[in-house]
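Open the model in a viewer and follow the stops below in order. Each stop gives a selection and what is found there.

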Amino acid sequence: MLGKRLGIDLGAGSVRAVVRGEGLTITEPSVVVRHRRRGYAAAGMAAAELAGDPEMELIRPVGAGAITDLEAVGALLHQLVNRAAGRQRIFRPDVVMAICPSMGGDDRLAILDICARIGTRTAYLIDSPIAAAMGAGHAPSGSRGYLIADIGAATVDVASLASEGTIAGRTLTTAGDALRDAVARRIEEAHGAVIDPAVAEDIVASLACVGPHEERRMPVQAGVGEGSVTLSIASVEVADLVDAHARQIGHAIEEVIDETPIPLRRGILEEGIALCGGGARLEGLDRYLSIQTGITVRVAPDAPTCVIRGTQAAVENLDVLRRSFMYIR
């Protein structure tokens, strides 16, 4: 096979791509800008840099488990495939793409159609929890069960997995972005000042902790220009929001375990629960979930890249997966 093989993690917050034999090549924000008169102008990092232009409309083409703008997804994937496989290519690439498991059939067919239109030879879809499990070193096999919680920007995807694929699953549409937005609203209500989403993300990264903890503070800038002020934000101001976020994940995990056949639960009890995605690094989350579920919970190594590393493993074993039609569609 002379064409390249690409793996793509189509996330709502970021999109990543790998090329077989070359490793991780691209990590870009999942955004596109459209000129208000001339159409699509750029995607990824280039789009983010143009976002302040009043002539440009910033679009996030993938939302909470669904496509929000089909044309924008096409523009994003077109640029991504061109960058990963090269614009001047003789042989068309094969693509394996990780997507949210709750994405509907129409969206899945639309993605496959887009891949055909932008010049791929074949395209396969793999649900992101399965890719995350493979990236965390737990490719489902045999009779053993695994449980993965992939905590991303737009969704939290929880799934129990075995050799036949997903056994039970839940998708929460309140994930990292929702926690960030809730923190921003809380600061506005408490201090009467508006903070940038990036500042709210810094607050979550620096102050958020699940469960009891010693109070911490950090200065943040609110407002712009002459109206800007420096606020001192305490971790206790957002503690209840963080705990509510963790409780939702815990309830989803408990529901998935309850729906998992007892023989497979034994594997989960022995192996524990793996947390993947950028939200897995929330301080105290693993400890809290372990207490709530009674099962050992661990953060997977390099949790934010589990899905793309698992997608890369699928790309490397595409012939095997394609013959057995395991995990891919």
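Select Val19, which stands opposite Gly23 in E3. This is a predicted model, in which local features need pLDDT of at least 70 and side-chain atom pairs count only at pLDDT 80 or more, while totals for chains, interfaces and linings use all residues. Residues are numbered from 1 along each chain as its sequence is written, and side-chain values use heavy atoms, with hydrogens and water left out.

Widen the selection to strand E2, residues 14-19: six bridges join E2 to E3, and the two run antiparallel. Strands (E, at least two residues) and helices (H or I, at least four) are DSSP runs, numbered from the N terminus. Two strands pair if DSSP finds at least two bridges between them.

Now show the whole sheet. Five strands form an open sheet with mixed pairing, in the order E3-E2-E1-E7-E8. Strand E3 (23-29) and strand E8 (122-127) are the edges, each pairing on one side only. On average, neighbouring strands of this sheet are turned by 20° against each other, direction ignored.

Add helix H2, residues 70-85, which packs on the sheet and touches strand E1 (5-10), E2, E3 and E7; the direction of H2 makes about 145° with that of E1. Axes are lines fitted to C-alpha atoms, for helices over the stretch in contact, and angles run from 0 to 180 degrees between N-to-C directions. Contact means heavy atoms within 4.5 Å.

Next, select helix H3, residues 105-117, which lies across E1, E7 and E8 and runs at about 145° to E8.

Finish at Ile99, in strand E7 (residues 94-99). Ile99 is buried (under 20% relative accessible area, 1.4 Å probe, protein chains only), at 1%. Among the residues that Ile99 touches are Arg108, Ile111 and Leu125.

Key. Buried means under 20% relative accessible area, exposed over 50%, partly exposed in between (1.4 Å probe, protein chains only). Lists of a residue's contacts leave out its neighbours within four places in sequence.
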